[in-house]
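Work through the following exercises with the structure open beside you. Each task is followed by a solution that goes step by step.

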Amino acid sequence: MSNEAAAGNTTATLGHLALGLTLLAFGLGSTGVIDHVGSADAAGLATWVGGVALFLVGLLALRAGNSAEGTAYSALGAFWFTWGTGVGDSGSAEAAGLFLLLWALLALTLTMASGGSGLFGQGVYGLLFVALLLMGIGALADNSGLGKAGGWIAAVAGLAAWYGATAAVAGWPTSVARSRRGAAAAS
């Protein structure tokens, strides 16, 4: 993704910012690294920033004719809104695990569909897939270690999405240029 393309695409920038902040809060809460802060404490942020804001960004992208971003952000908005409003309900651990595994399938779809978007598209969605997969399996197996590992991966995905959005706004680099030394040596 070039800086020019990223800076001009406001739905991608806003979407990555909302996704990044939500994933970071959710991920850090899931790790238990901060005393008295759990993943449920991210419910408000997940509902309004991850849910409503991402859904609206998705609708704006769809209206602008960008079906890939529109689908991704609308679906992620639905995920975060559902999670944020349902966290703390008296559902079973198995139901929570199934919920996370079903949404991991969405993240897998987004990962596979975003092949040309580079690190900040495919990478973020790939990390989200792994995080949801680990957290879902951890909930089904009653293994808090897998849940914490998934939380760390979600936090890394959040940092990557946040950096991608911040880089687009600030004009920072979002890709590593390839060295031309190999081409010069071959000449």
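**Exercise 1.** In this predicted model, describe how the axes of helix H2 and helix H3 run relative to each other, and say which residues meet.

*Solution.* Begin with the geometry: the axis of helix H2 (residues 10–31) and the axis of helix H3 (residues 43–63) come within 9 Å of each other and cross at roughly 160°. Angles over 145 degrees count as roughly antiparallel, and H2 and H3 are therefore roughly antiparallel to each other. The handedness is the next step, and the crossing of H2 and H3 is left-handed. Turning to the residues, the H2 side of the contact includes Thr11, Leu14, Gly15 and Ala18, while the H3 side includes Leu45, Ala46, Val49 and Gly50. Sorted by class, the contact of H2 with H3 holds 12 nonpolar and 4 polar residues, with no charged residues.

**Exercise 2.** Determine whether H2 is roughly parallel or roughly antiparallel to helix H4, and list the residues through which the two helices touch.

*Solution.* The axes of H2 and helix H4 (residues 67–86) come within 11 Å and cross at roughly 30°. Since angles under 35 degrees count as roughly parallel, this angle makes H2 roughly parallel to H4. H2 passes H4 in a left-handed crossing. On the H2 side, the contact is made by Thr11, Ala12, Gly15, His16, Leu19, Thr22, Leu23 and Phe26, and on the H4 side by Glu69, Tyr73, Leu76, Trp80 and Trp83. Counted by class, the contact of H2 with H4 has 8 nonpolar, 4 polar and 1 charged residues.

**Exercise 3.** Complete the picture of these helices by describing how H3 and H4 cross and how the residues of their contact divide by class.

*Solution.* The axes of H3 and H4 come within 7 Å, and they cross at roughly 160°. With that angle, H3 is roughly antiparallel to H4. The crossing of H3 and H4 is left-handed. As for the residue classes, the contact of H3 with H4 divides into 14 nonpolar, 11 polar and 1 charged.

**Exercise 4.** Find where His36 and Asp142 lie, and decide for each whether it is buried or exposed.

*Solution.* Take His36 to begin with, which lies in the loop between H2 and H3. Although His36 is not a glycine, it has a positive phi of about 65°. Its relative accessible area is 81%, and because a value over 50% counts as exposed, His36 is exposed. Asp142 is placed in the loop between H6 and helix H7 (144–170). Phi of Asp142, a residue other than glycine, is positive as well, with a value near 55°. At 72% relative accessibility, Asp142 counts as exposed.

**Exercise 5.** Decide whether Ala104 and Val124 are buried or exposed, and say how far each lies from a residue that is distant in sequence.

*Solution.* Ala104 lies in helix H5 (residues 93–113). The relative accessible area of Ala104 is 2%, and because buried means under 20%, Ala104 is buried. Between Ala104 and Leu132, which are 28 residues apart in sequence, the distance from C-alpha to C-alpha is 5.2 Å. When residues up to four places away in sequence are not counted, Ala104 touches Phe129, Leu132 and Leu133. Val124, for its part, lies in helix H6 (residues 119–141). At 1% relative accessibility, Val124 counts as buried. The C-alpha atoms of Val124 and Val156 are separated by 8.5 Å, and these two residues are 32 residues apart along the chain.

**Exercise 6.** Step back to the chain as a whole and state its secondary structure, its share of buried residues and the area it exposes.

*Solution.* The secondary structure comes to 8 helices and 0 strands, and when the chain is read along the sequence it follows the pattern α-α-α-α-α-α-α-α. Of the 187 residues in the chain, 39% are buried. The chain exposes about 9600 Å², of which carbon and sulfur atoms supply 67%. For the contacts in the chain, consider those with a separation of 6 or more: residues 24 or more positions apart account for 70% of them.

Methods: Residues numbered from 1 in each chain as written. Predicted model: local features only at pLDDT ≥ 70, side-chain atom pairs only at ≥ 80, totals over all residues. Heavy atoms only, no water. Helix = DSSP H or I, 4+ residues; strand = E, 2+ residues; numbered from the N terminus. Buried < 20%, exposed > 50% of the residue type's maximum accessible area, 1.4 Å probe, protein only. Axes fitted to C-alpha atoms, helices over the stretch in contact; angles between N-to-C directions. Parallel < 35°, antiparallel > 145°, perpendicular 65-115°, else oblique. Left-handed = near helix turned anticlockwise from the far one by under 90°. Contact = heavy atoms within 4.5 Å. Nonpolar A, V, L, I, M, F, W, Y, C, P; charged D, E, K, R; others polar. Areas by Shrake-Rupley, 256 points an atom, 1.4 Å probe, with all protein chains shown as cover.
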